[in-house]
Amino acid sequence: MELPPLSWGIMGAGRVCHDFVQALKSIPHAAKVKTVGCRELERSVEFADQHGIPNRVGSYEDVAKDPEVDICYIGMLHPFHYENAVTALQNGKHVLVEKPSTCSECDTKALVRLAQEKGLFLMEGMWTRFFPAVEKAQELVKSGTIGKVVAVHSDFGFNGGDVANYPDHIFYNLNLGGGGLFYVAPYPVAAAMQFLGPAFPSRIAAAGVKDKLTGVDLSGAISLHFEGKGIASLTYNIEAETPEETIIIGTEGRIKLLSPAHCPTAIEVTTKAIGRGNTTTIRHDFPLPDPPASVDASGGFNYPNSNGFQFEAAAIHKCIRGGRTSSDQYTPDEMLAVMHVLEECRTQLKIDSVE
Ligand SMILES: NC(=O)C1=CN([C@@H]2O[C@H](COP(=O)(O)OP(=O)(O)OC[C@H]3O[C@@H](n4cnc5c(N)ncnc54)[C@H](OP(=O)(O)O)[C@@H]3O)[C@@H](O)[C@H]2O)C=CC1
Ligand SMILES: O=C1OC[C@@H](O)[C@H](O)[C@H]1O
């Protein structure tokens, strides 16, 4: 039986909101965008006209109050995620909040609690989990193809200077959530959690390089220990393009999520026979579907592989129409554990102060 599509309300008219709306155009059976609202009505109107969105409003709150909206996409900068996700939930809307879920463990906990009280769906936008390549990796790990997982290596880094004027861009603005920890590190941390969690790591150690002028963290290395399970070695930065791979290492082999590992379309599965170096590697490809012509006509995408947002949105449609308030592919417990790690790293790196 065909389940009716979800009506989305988009909070924000920035780059990721544009990409998300573009990706929804591939799944009209599961999603339609009803409303967009940002801080200035004029820009909401421009965004709505660009994407053919019927309702346009002049504030985030008015998106939450629109009776035609089922679910709000919280797509503005992360320091504003918490208050707007609360407004959406208080107005009876399901919520998909972009990464990082909030800027503190306490706020993420409060969000999870509120969604549970209200019986509403809540998820952080960890879209990586819904890529077919990652689903395949998860399935192979579950079926024991690489034995027992003992370690995860994951990194993500890009040269922020390619797109951002130093020091004026948001990347370098502490008050607006700048720095690599919140922009980039959620992905490697969530990768570790997927294959070694969901329990909180028993040890967390972070080292990083802070920018002297702005105080934001330019790079970081995070080591995690998961009691009785294994270790994760994670790196991130906003100054250089890294290989951006995630490697899940097991006693009988390993799986590599190929670059860009936060939104991958291919994996390599290496299995071993007896003896060191005696391995076989097979590659599996999961190309992204082509977007409809209307997507090119309305500006394409800003970020790599953004058409993959459709996988996340299609999964949310199934969850909500199936009466669920969370997804097994990225649970509230994992969202909390990721924020726990980010907050501990933030403390260790002393990110609140400009030295
Ligand atoms: N999942 C993914 O692949 C991606 C996720 N993200 C996440 O999405 C969020 C937005 O990123 P992105 O779209 O790239 O950002 P942009 O710089 O393109 O847009 C900024 C967004 O933040 C809003 N905003 C609210 N208050 C302020 C303020 N005081 N100053 C500036 N902007 C403000 C803007 O709102 P308005 O429109 O109302 O002006 C706009 O929606 C971040 O939390 C980021 O981590 C980003 C990129 C990709
Ligand atoms: O989540 C993200 O944040 C930073 C972006 O540059 C990246 O492409 C995106 O997916």
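**Domain arrangement, helix packing and ligand surroundings**

Helix α8 passes helix α11 in a right-handed crossing in this structure, which is a predicted model. Helix α8 spans residues 186-196 and helix α11 spans residues 332-348; their axes come within 10 Å and cross at roughly 125°. At that angle α8 is classed as oblique to α11, because the value lies outside the 65 to 115 range counted as roughly perpendicular and is not over 145, the bound for roughly antiparallel. On the α8 side, the contact is made by Pro186, Val189, Ala190 and Met193, and on the α11 side by Glu334, Ala337, Val338, Val341 and Leu342. Eight of the residues in this contact are nonpolar and one is charged, with no polar residue present.

A second helix pair is formed by α4 (residues 81-90) and α5 (residues 105-118), whose axes come within 10 Å and cross at roughly 5°. Helices α4 and α5 are therefore roughly parallel to each other, since angles under 35 degrees fall in that class. From α4, the residues Tyr82, Ala85, Val86 and Leu89 meet Asp107, Leu111, Leu114, Ala115 and Lys118 of α5. The contact of α4 with α5 comprises seven nonpolar and two charged residues and no polar ones.

In a third pair, α1 packs against helix α10 (residues 309-321) at an angle of about 70°, the axes being 8 Å apart. The two helices are therefore roughly perpendicular to each other, because 65 to 115 degrees is the range for that class. Their crossing is right-handed. Asp19, Phe20, Ala23 and Leu24 are the contributors from α1, and they meet Phe309, Gln310 and Ala313 of α10. By class, the contact of α1 with α10 holds five nonpolar residues, one polar residue and one charged residue.

At the level of domains, the protein is divided into domain 1 (6-127) and domain 2, the latter made up of the segments 131-289 and 326-348. The C-alpha centres of the two domains lie 25 Å apart. Their contact takes 20 residues from domain 1 and 18 residues from domain 2. On the side of domain 1 that touches domain 2, α5 and β6 (122-124) each supply at least two residues. Of the elements on this side, α5 gives the most, with four residues. The side of domain 1 that touches domain 2 consists of ten nonpolar, six polar and four charged residues. Helix α5 thus takes part in the contact between the domains as well as in the packing with α4.

Two ligands are present, and their surroundings were examined in turn. Ligand 1 is surrounded by 21 residues, of which the closest are Gly12, Gly14, Arg15, Cys38 and Met76. Helix α1 (residues 15-24) provides the largest share of this shell, three residues. Both domains take part: domain 1 and domain 2 each give at least three residues to the shell around ligand 1. In terms of residue class, the shell around ligand 1 contains twelve nonpolar, five polar and four charged residues. Helix α1 therefore appears both in the ligand 1 shell and in the roughly perpendicular packing against α10.

The shell around ligand 2 is made up of Lys99, Phe158, Tyr183, His262, Tyr303 and Pro304. Four of these residues are nonpolar, one is polar and one is charged.

Several backbone features were also identified in loops. A cis peptide bond joins Tyr166 and Pro167, with omega about -5°. Pro167 is placed in the loop between β7 (149-157) and α7 (180-183). The peptide bond from Gly197 to Pro198 is likewise cis, and its omega is near 5°. Pro198 lies in the loop between α8 and β8 (203-210); α8 is the helix that crosses α11 obliquely. Glu244 is not a glycine, yet its phi is positive, at about 50°. The position of Glu244 is in the loop between β10 (230-237) and β11 (246-250).

Methods
Residues are numbered from 1 along each chain as its sequence is written. Chains are lettered from A and ligands numbered from 1 in the order in which they are written. This is a predicted model: local features need pLDDT of at least 70, side-chain atom pairs count only at pLDDT 80 or more; totals for chains, interfaces and linings use all residues. A residue is near a molecule or strand if its C-beta atom, placed from the backbone, lies within 6 Å of it. Ala, Val, Leu, Ile, Met, Phe, Trp, Tyr, Cys and Pro count as nonpolar, Asp, Glu, Lys and Arg as charged, and the others, Gly among them, as polar. Domain bounds come from an automatic or database domain assignment. Axes are lines fitted to C-alpha atoms, for helices over the stretch in contact, and angles run from 0 to 180 degrees between N-to-C directions. A crossing is left-handed if the near helix is turned anticlockwise from the far one by less than a right angle, and right-handed if clockwise. Two residues are in contact if their C-beta atoms, placed from the backbone, lie within 7 Å.
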